[in-house]
Amino acid sequence: MTRILDRIDHFTQALLDRPWPWWLWPTMMLGMGLIAWVASLGLHPGPDEFVYFPNGTRFGDTCGLIVATGFPCPQCGMTRSWVYAARFDFLTAFFYSPGGFALFWWVQVGAVIGLVRLVTRNPIALAPPFALSAGWSVIWLVGLYALPWALRLAGINELP
């Protein structure tokens, strides 16, 4: 087992030590934003609180945690939130998952930053200060993700 872990460690260290081109990270940021948007637009909200592929096949099933425990997981509603956020239905997206709604737009802001970096050929363009990134992360994790989940467990804003 130690030998396998040593090989994994060697492989990851070789990846980190490699000099990557400046444009790789901004391209990945832009790509992730586009993939998230297109995938969210590819699913359609249904009248029964599920989302569907264009061919009418339902995406996903009932959350496994709800089936096992009767309680929703913190991610419950996130897919629906992204589907509605991509369609600019902000209130519905926020209702399904405040954390999911914020995360979707956080990914889109990252895509815009990646695009600006690629167009200007400046790998640090629009780089937010660390305090802003750290503060937003805490606000998202506690205020928009954990707190709404705790309220949902308490019976407030329950999802169908």
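Here are three short exercises on this structure, each with a worked solution.

This is a predicted model, where local features need pLDDT of at least 70, side-chain atom pairs count only at pLDDT 80 or more, and totals for chains, interfaces and linings use all residues. Residues are numbered from 1 along each chain as its sequence is written, and side-chain values use heavy atoms, with hydrogens and water left out.

**Exercise 1.** Work out how the span of helix α6 compares with the expected one.

*Solution.* Start with the naming: helices (H or I, at least four residues) and strands (E, at least two) are DSSP runs, numbered from the N terminus. Next, α6 covers residues 98–120, which is 23 residues. The expected span is 1.5 Å times one less than the number of residues. That gives 33 Å for α6, and its first and last C-alpha do lie 33 Å apart. Just past the helix, Arg121 has a positive phi of about 55°.

**Exercise 2.** Find which helices the buried residues of α6 pack against.

*Solution.* Buried means under 20% relative accessible area, exposed over 50%, partly exposed in between (1.4 Å probe, protein chains only). Among the buried residues of α6 are Phe101, Phe104, Ile113 and Arg117. Now look for contacts, meaning heavy atoms within 4.5 Å: the buried residues pack against α2, α4, α5 and α7.

**Exercise 3.** Explain why β1 and β3 each have one side without a neighbour in the sheet.

*Solution.* Strands pair if DSSP finds at least two bridges between them. The open sheet has the order β1-β2-β3, paired antiparallel. β1 and β3 stand at the edges with a single partner strand each, so one side of each stays free of a neighbour in the sheet. To check a pairing, take β1 and β2, which are joined by two bridges; His44 has Tyr52 as its bridge partner in β2.
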